[in-house]
Amino acid sequence: MGKLVINKEKLTPSIIKELVDICPFGAMESKDGGLEINAACKMCKLCVKKGPKGVVEFIEDKVEEIDKSLWKGIAVYVDHVEGNIHPVTYELIGKAKELAAKISDDYPVYAVFVGHNIKDKAQEILHYGVDEVFVYDYEELKDFIIEPYTAAMEDFISKVKPSTLLVGATTVGRSLAPRVAARFKTGLTADCTVLDMKKNTDLVQIRPAFGGNIMAQILNPNHRPQLATVRYKVMNAPERSKDISGKITVQEMDRKKFKSGIKVLKVTKKEVEKEISEADIIVAAGRAFKNEKDLEMVYELADLLGGQVACTRPLIEAGWIDSKRQIGLSGRTVKPKLIITCGVSGSVQFVAGMNNSDLIISINKDPKASIFNVAHYGIVGDVYEVIPKLIENIKAKKGLCQPA
Ligand SMILES: Cc1cc2nc3c(=O)[nH]c(=O)nc-3n(C[C@H](O)[C@H](O)[C@H](O)COP(=O)(O)OP(=O)(O)OC[C@H]3O[C@@H](n4cnc5c(N)ncnc54)[C@H](O)[C@@H]3O)c2cc1C
C-alpha cells in the first residue's frame, strides 16, 4: 500500500478546482483555501495521473524484504475429529506434492497432526507420500479448542518454518487458519479453487472474487508462511499407496501455552447427515420448477439412481430445500460421478461448485443456457416432460414397470 501526499506549495485556486473535478469519488475537498483528501478516496490515483504534475504524489510504503530461503516446505494441517482424518487432508497432501515438485525433487511436504491419542493414526498419512508428519499429542488437545490448537500450530511453524501451510476449509480449518495467520502477521486466502507455485516459492492463490465474476490471483510475496484454505472436493486426493514413506516426529512443547478460557463440559454428537459433497450421484434442481410439490419428480429420480437431491440458490431462498443442499460459491462444492442438472441456467456461482464432476448431464429448455458449456451431455427440453420420461425408462430397465 501507500499514501497520497499533496504538495501544498504548488496549490493555486485553479489547480484545486481541477483536482476536485478530476476525482470521480468526490474525495478531493476544497477547504479554507486548501485541499484535503477525505474518506471517500479509493486510491484510484487519477489525481496523480491526470492532475497537474507533481501536485499530488503517491508514496509507496516501504516493503521489508524477507529471506525466503529461511522458509522451506509445504505443510498440510491434518483435519480430524477424534483422530478420524477428514479426506480433505489427503486432497491437500496431493496438491502440496504437486506444488513441491515445481520447486525441486526434494522440496519437503509435511503434515501437522494436532490432537490426543493420535500417534497411531499418524501412520496412515505416510501412505500418501508426505516426507514428515509432525505430531502434537497432548491431553489438552483432545477436543478442538482454538487457543491450544493455535499454540501448537504456532510452535510447529516457529520450529519447522514451512513456506506454505494448506488448511481444509472445514469448520475447524476456517476457525484455525485465520488465528494462525494473525499470529505470524501474514496473509490468508480462503476458499482457493486453484493453487500454483512460482520457482521462488510464492504461492499463487486463485479464487473467485466479486460474486464469482472474476478469478482473482492473490500473492503474498513479502510474508511467510503463506496460508490458504481449500474446500473439500476441490483438489484430487492421491491414490493410497500400499507402502509407507516418510517419518513421524513427535513434537514437544511448553504445555503452559495450552492455557485456554474455554472448558469443554460435554460433547454431544450430532447425527451424521448425508452430505451432498460426499454423494456419487446428484440430481440438482433449478428455478425451472414452478412449485415445491413439483420437486417430487426430482426426489423420485434421485431415489431411483441411488443419489441425493441438491439445488441452486433460488430454491433455498424459496425455502423449498434445506440450505445444506445448495451447490455453488455460497453453498457446497461437489464432485460426484454423475450429476443431472434440471432447469439450471449455469450461473458462474453455481458452476463453481460442480464443474469438476465426472459426468454432467443437463436438462434445460433453452439451447443457449450456459450450463451446456460445462455439460458433457445436454438435453434441450422441458423438465416436466424429460424427467417423467427418464423415471419411466429407469423403472422399465429395473423391471419396475413397462415403458410407454
Ligand atoms: C455472491 C453470489 C453468490 C451466489 N452463490 C450461489 C450459489 O452458491 N449457488 C447458486 O446456485 N447460485 C448462487 N448465486 C445465484 C446465482 O447468481 C444464480 O442466480 C442462480 O444460480 C440461478 O439459479 P437457477 O439456475 O436455478 O435459476 P435461473 O438462472 O433462473 O435459471 C433457470 C433455468 O431454467 C430453465 N428453465 C425454465 N423453465 C424450464 C423448464 N420447464 N424446463 C427446462 N428448463 C427450464 C431456464 O431456461 C433457465 O436457464 C449467487 C449469487 C451471488 C451474487
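Which strands does H10 lie across, and at what angle does H10 run to E20? In this predicted model, H10 lies across E19, E20 and E21, and its direction is at about 130° to that of E20. The same helix also takes part in ligand binding geometry, as H10 (383-397) is among the helices that each supply at least two residues of the shell around the ligand. A convenient place to begin is therefore the sheet under discussion.The sheet is open and has five strands, in the order E18-E17-E19-E20-E21, with parallel pairing. Its edges are formed by strand E18 (308-311) and strand E21 (377-380), each of which pairs on one side only. From one strand to the next, the twist averages 20°. Helix H7 (residues 296-305) packs on this sheet as well, where it touches strand E17 (281-285), E18 and E19. The direction of H7 makes about 170° with that of E17. Within the sheet, strand E19 (residues 338-342) and strand E20 (residues 359-364) pair in the parallel sense over five bridges. One residue pair can be picked out here: Cys342 has Ile363 of E20 as its bridge partner. In general, the strands of a sheet pair through backbone hydrogen bonds, either parallel or antiparallel.

We turn next to the ligand. A shell of 26 residues surrounds the ligand, and the closest are Arg287, Thr312, Gln326, Ser330 and Ser345. By residue class, the shell divides into eight nonpolar, 13 polar and five charged residues. Helix H8 (313-317) and helix H9 (348-351) each supply at least two residues of this shell, as does H10.

Individual polar atom pairs add detail to this picture. A polar side-chain atom of Gln349 lies 2.8 Å from an oxygen atom of the ligand. For Gly331, a backbone N or O atom is 3.4 Å from a ligand oxygen atom. Lys365 also places a polar backbone atom 3.1 Å from a nitrogen atom of the ligand. On its own, the ligand has 980 Å² of accessible area, and the protein covers 77% of that.

The model also holds an open sheet of three strands, with the order E12-E13-E14 and antiparallel pairing. Strand E12 (194-197) and strand E14 (214-218) are the edge strands, each pairing on one side only. With direction ignored, neighbouring strands of this sheet are turned by 25° against each other on average. E12 pairs with strand E13 (residues 203-209) in the antiparallel sense, over four bridges. Here Leu195 has Gln205 of E13 as its bridge partner. Helix H3 (residues 88-103) packs on the sheet and touches E12 and E13, with a direction that makes about 25° with that of E12.

Two backbone details complete the description. Most residues other than glycine have a negative phi, and most peptide bonds are trans. Against that background, the peptide bond from Arg224 to Pro225 is cis, with omega near -5°. Pro225 is found in the loop between E14 and strand E15 (226-230). Lys45, a residue other than glycine, has a positive phi, near 65°. Lys45 sits in the loop between strand E3 (34-37) and helix H2 (46-50).

Conventions:
Residues are numbered from 1 along each chain as its sequence is written. This is a predicted model: local features need pLDDT of at least 70, side-chain atom pairs count only at pLDDT 80 or more; totals for chains, interfaces and linings use all residues. Side-chain values use heavy atoms; hydrogens and water are left out. A residue is near a molecule or strand if one of its heavy atoms lies within 4 Å of it. A polar contact is a pair of N or O atoms within 3.5 Å; within protein, one must be able to donate a hydrogen and the other to accept it, and residues adjacent in sequence count only if both atoms are side-chain atoms. Accessible areas come from the Shrake-Rupley method with a 1.4 Å probe; for residues, only the protein chains shown count as cover. Ala, Val, Leu, Ile, Met, Phe, Trp, Tyr, Cys and Pro count as nonpolar, Asp, Glu, Lys and Arg as charged, and the others, Gly among them, as polar. Two strands pair if DSSP finds at least two bridges between them. Axes are lines fitted to C-alpha atoms, for helices over the stretch in contact, and angles run from 0 to 180 degrees between N-to-C directions. Contact means heavy atoms within 4.5 Å.
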